[in-house]
Each structure stands twice: as C-alpha cells, then as structure tokens.
2 protein chains.
Amino acid sequence: MYIRRDIFQAIADPTRRAIITLIAFQTMTPNAIAEHFDITRQAVSKHLRILTECELVKQQSEGREIYYQLQINKMKEIDKWLDQFRKIWETRYSQLDTLLANIKDKKKK
Amino acid sequence: MYIRRDIFQAIADPTRRAIITLIAFQTMTPNAIAEHFDITRQAVSKHLRILTECELVKQQSEGREIYYQLQINKMKEIDKWLDQFRKIWETRYSQLDTLLANIKDKKKK
DNA sequence: TATATAAGCAACCACATGGTTTCGCAAAAT
DNA sequence: ATTTTGCGAAACCATGTGGTTGCTTATATA
C-alpha cells in the first residue's frame, strides 16, 4: 500500500465532487462551502487540502479569508484518460451504424 | 459513512484502472489478468467483484473459466459528469481566443 | 486593547480498503 | 476414479479515509 493523491482518488468522494461543482463557477471560502453540507468546516478543510494536494484547487488569500478556486485545466486529465475508451466506443458505434445500414439494405432487396 | 459502490470509487484504484485498460480490447479470465500484476489472483478477483458491482464489467462463463468484459458504455458516465466542466474550459478557451485576437488587433493599429 | 471571526492543525475514532492465506467447489484432464 | 485447475468466499490484518472535537494563529472590529 502506498499513498495515493491523484485526481482519480480526489474525485472518488461524493462530497469532494460536490465541492468541485460548487466552486467551478466562483471562488469560495471554506465557511461558505461548509454551509452547503452537513459536515463541519474542518471536514471541508480536509477535503480542500486533498484537492489542493493534487492541484485541482488553488488558494487565494484575502485578509483572513482564503478563497478556493477550481483549476479547471486539471480536470482535463480525466478527459485525457477517457480518450483510450472514447476511441473504442466510437468504433463500436460506427460498427452499429454499419450493421443497421446492412439491415436496411437487406430489407430493400 | 455509507457504502459507496459507484463508478468514481471504482476507478479510484490504480490497479482497477489498469485492469479496465487491460480488458478494454479483449475479454480475459482472472488468472490471465493476475499475470499482469504483482498481486494474487484472489486480489484481482476482489477488484473484479467491485467492477462487476458497479456494472463496469460483465462476466461470461465458459466451462470452468470466467471471462470478464468491459462494459464500455458505463465509461460514458464519467464523460457525462465531465460535461459540466467541459463547458467551462471551452468558454475559457474562447475567452483566451478573444483576448489574443484583441492583442493582435492592437498591434495592427 | 479586548473580542469576535476565519481558518488550519493535531489527536482521536469507527469503518472502509486492499492485500493476504486458507478453504471449498465445480469442471477438465489424467 | 483421482488429480489438477480455475474460481469465488471467508477470515484476517495493516493501513487509509472521513468525520469529529479542541486548540492555535491571524485578521477585523467594538
């Protein structure tokens, strides 16, 4: 067993996914984020630490407040990983298209 | 705490991601899969159980062998979740395009 | 200056996770 | 008929995870 702190582990937790969605459009402070959940601010802080560690989120201090911002580019890593499968499902679809075309063709004859 | 057995939790583990990639193109038996890793066949079996539970994988018995097949369509759920962010990063890119266009424009003048 | 507020950190806890070994069972091979 | 093989299930173990409470520090505000 080893310490994993990658983006896939980060998005595994539903609360973390909700936080990501929440701050996707505007930066937010831990307190503001915590208001949306039934967990303590400290728990939110721990989630934000994990998100920060895998660079999904960036801090921005403003006085005693810390605004957290989603690093949307990091999300593309998931998209990139999906690419290998996207190729497959597109192929399968085109095969289905061919199959359907053949059936159509046979009916005509 | 509650039991999570969703696709995001399934792909959180690196070994599980490797298994998914491995069987993406051809069905494989647990033994054949286990040969690719430094873990026991039983450990692979546990991973396959998790993948089966969230319907990422389907079994296909053939005598005493069981072939595991990736349900590629299930992978689209991740793609679907990414959609909300895809919109954002495409907007940011078009904003960047506008910015670059403006700079170009100013140079001309 | 004293106090309230925002946030991180540390210690703690119950339960989840990923691995192992051992076992049992059914199918194939001898 | 006996042995080998392929597999899953169960019990067990160390470590990870997600939450809590309590504390400290820094900035605002009375």
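**Exercise 1.** Find which kind of atom of DNA strand C is 3.3 Å from an N or O atom in the side chain of Arg64(B).

*Solution.* The partner of the Arg64(B) side chain is a base nitrogen of DNA strand C, and the pair fits the definition of a polar contact, that is, a pair of N or O atoms within 3.5 Å. In chain A, a polar side-chain atom of Arg64(A) lies 2.7 Å from a base oxygen of DNA strand C. Turning to the backbone of the strand, we find a phosphate oxygen 2.7 Å from an N or O atom in the side chain of Thr40(B).

This is a predicted model, in which local features need pLDDT of at least 70 and side-chain atom pairs count only at pLDDT 80 or more, while totals for chains, interfaces and linings use all residues. Residues are numbered from 1 along each chain as its sequence is written, chains are lettered from A and ligands numbered from 1 in the order in which they are written, and side-chain values use heavy atoms, with hydrogens and water left out.

**Exercise 2.** Describe which residues come nearest to DNA strand C.

*Solution.* Among the 27 residues around the strand (a heavy atom within 4 Å), those that come nearest are Ser45(A), Tyr68(A), Gln9(B), Lys46(B) and His47(B). On the DNA side, 64% of the strand C atoms within 4 Å of the protein belong to sugar or phosphate, and the rest to bases.

**Exercise 3.** Decide whether Arg17(A) is buried or exposed.

*Solution.* Buried means under 20% relative accessible area, exposed over 50%, and partly exposed in between, with a 1.4 Å probe and protein chains only. Arg17(A) has 11% relative accessibility, so this residue counts as buried.

Methods
Polar contact = N/O pair within 3.5 Å; in protein donor to acceptor, adjacent residues only side chain to side chain.
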